[in-house]
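This report is meant for a reader who is meeting the structure for the first time. It takes up a few helices, their packing, and some individual residues in turn.

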Amino acid sequence: MIATDKPIVLFGGGGFVGRHVAQELLAKGYRLRIAQRDPRQAFALRTLGGMGQIQFAAVDITRADQVAAALTGASAAVNFVGLLTGDMHAAHVVGAQTISEAAAAARLEALVHVSAIGADAASSSAYGRTKAEGEAAVRNAFPRATIVRPSILFGQDDQFTNRFARLIASGSTLPGQIVPVIRGETRFQPVHVVDVARAIAQAATQPEDHAGQTYELGGPDTLSLRQINSWIAAEIGRPCSFLPIPDGVAKALAMLTGWAPGAPITRDQFEMLLSDNVVAPGAAGFERFGITPAPMAAIAPAWLEQYRKQGRFGVTARA
């Protein structure tokens, strides 16, 4: 068990997953050092901790000197940094290697590297390839690291359920109430960010149980993108028809990215949708943490009601 007198460093701790892990660790009495390029993006975390429980550091994870300084006196570290666009090699490979090498040099007790289901050196997407290369770099530099691969994450401030709900709410007002869907048969295991955060916090503080392991974390339900959209539409009371977009058309739309920033999907995101995003058969997962993940249908209605025509007052009472 990691002692609470030394800080745990969260690289990218101000992001979606990082904020929830910070909350878990602060509640358990751990000191945190939030390290990211612009610490101001994480200042909201200050209200979650006690006096002196949180520190902030401006860190470029590709700079070995800055990473080493951030790890000074630390007991453990978690790397959350990830990009869907931009220089993925720098973020996912160079940054991961820099952090893991510095963690080894600092003799940290634990390192948790947050990757993703779909990390594959043979992936047709840059995201999948660089995530796999990052995992390999971490394993090489810090063999006892814990690697965590979540499926698609949902939570109150996510860019998953909220994005689809906005699209459905807008499309349901159009003539014919038609909402386009790209790669509707691709399957996911939506997983609650709080459940993932609990697992990461446990891995960071109990290396005796999780060091050297790779975990794939998916929710209890396997759903296609079409099923997810249909469920959201029903939940927000927005009846509509879903129009499948042929792969050729979707790929052409994706190619627009670069000179048309408003394109609905990037080429790399389209490539990612060509494969299911589900836990591999036999992979270790939540059971190793004693966590039973919550289904999306039990959690997401709490914030999806805002997309009803009358907001929360549009919810019909259920017997």
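In helix H4, the buried residues are Tyr-127, Gly-128, Thr-130, Lys-131, Ala-132, Gly-134, Glu-135, Ala-137 and Val-138. The model is a predicted one, and what follows describes that prediction. The buried residues of H4 pack against four elements, namely helix H3 (88-105), strand S5 (110-114), strand S6 (146-150) and helix H10 (267-272). As for the length of the helix, H4 has 16 residues (126-141), which at 1.5 Å a residue should span 22 Å, and its end C-alpha atoms are indeed 22 Å apart, so the expected and computed spans agree.

## Two helix pairs

The packing of H4 against H3 can be described in further detail. These two helices pack at an angle of about 10°, with their axes 8 Å apart, and because angles under 35 degrees count as roughly parallel, H3 and H4 are roughly parallel to each other. On the H3 side, the contact is made by Met-88, His-89, His-92, Val-93, Ala-96, Gln-97, Ser-100, Glu-101 and Ala-104, while H4 contributes Ala-126, Tyr-127, Thr-130, Lys-131, Glu-133, Gly-134, Ala-137, Val-138 and Ala-141. Sorted by class, the residues in this contact of H3 with H4 are nine nonpolar, six polar and three charged.

A second pair is formed by helix H1 (residues 16-27) and H6, which pack at an angle of about 60° with their axes 8 Å apart. H1 and H6 are therefore oblique to each other, and their crossing is right-handed. The residues of H1 that make the contact are Phe-16, Val-17, His-20, Val-21, Glu-24 and Leu-25, and those of H6 are Val-193, Val-194, Val-196, Ala-197, Arg-198, Ile-200, Ala-201 and Thr-205. By class, the contact of H1 with H6 comprises ten nonpolar, two polar and two charged residues.

## Two residues of H6

Ile-200 and Thr-205 are among the H6 residues in that contact, and each can be followed further. Ile-200 lies in helix H6, which covers residues 193-205, and Ile-200 is buried, with a relative accessible area of 0%. When residues up to four places away in sequence are not counted, Ile-200 touches Val-17, Val-21, Val-78, Phe-80, Val-112, Val-114 and Val-148. One of these contacts, Val-114, is 86 residues away from Ile-200 in sequence, yet the two are 8.4 Å apart in space, C-alpha to C-alpha.

Thr-205 also has its place in H6, and at 4% relative accessibility Thr-205 counts as buried. Apart from its neighbours within four places in sequence, Thr-205 is in contact with Met-1, Ile-2, Ile-8, Leu-25 and Tyr-30.

## Residues in loops

Which residues does Gly-155 contact, leaving aside its neighbours within four places in sequence? They are Phe-16, Thr-161, Asn-162, His-192, Val-193 and Trp-303. Gly-155 lies in the loop between strand S7 (153-154) and helix H5 (161-171), and with 1% relative accessibility Gly-155 counts as buried. Gly-155 and Gly-14 are 141 residues apart in sequence and 15 Å apart in space, taken from C-alpha to C-alpha.

Asp-60 is found in the loop between strand S3 (54-58) and helix H2 (64-70). Its relative accessible area is 17%, and because buried means under 20%, Asp-60 is counted as buried. Leaving aside neighbours within four places in sequence, Asp-60 is in contact with Arg-37, Gln-66 and Val-67. The C-alpha atoms of Asp-60 and Gly-95 are separated by 8.3 Å, although these residues are 35 residues apart along the chain.

Two arginines in loops are set side by side below. Most residues other than glycine have a negative phi, whereas Arg-107 has a positive phi although it is not a glycine, and the phi of Arg-183 is likewise positive.

| Residue | Phi | Loop | Relative accessible area |
|---|---|---|---|
| Arg-107 | about 55° | between H3 and S5 | 75%, exposed |
| Arg-183 | near 50° | between strand S8 (178-182) and strand S9 (187-188) | 22%, partly exposed |

Technical notes
Residues are numbered from 1 along each chain as its sequence is written. This is a predicted model: local features need pLDDT of at least 70, side-chain atom pairs count only at pLDDT 80 or more; totals for chains, interfaces and linings use all residues. Side-chain values use heavy atoms; hydrogens and water are left out. Buried means under 20% relative accessible area, exposed over 50%, partly exposed in between (1.4 Å probe, protein chains only). Contact means heavy atoms within 4.5 Å. The expected span of a helix is 1.5 Å times one less than its number of residues. Axes are lines fitted to C-alpha atoms, for helices over the stretch in contact, and angles run from 0 to 180 degrees between N-to-C directions. Angles under 35 degrees count as roughly parallel, over 145 as roughly antiparallel, 65 to 115 as roughly perpendicular and the rest as oblique. A crossing is left-handed if the near helix is turned anticlockwise from the far one by less than a right angle, and right-handed if clockwise. Ala, Val, Leu, Ile, Met, Phe, Trp, Tyr, Cys and Pro count as nonpolar, Asp, Glu, Lys and Arg as charged, and the others, Gly among them, as polar.
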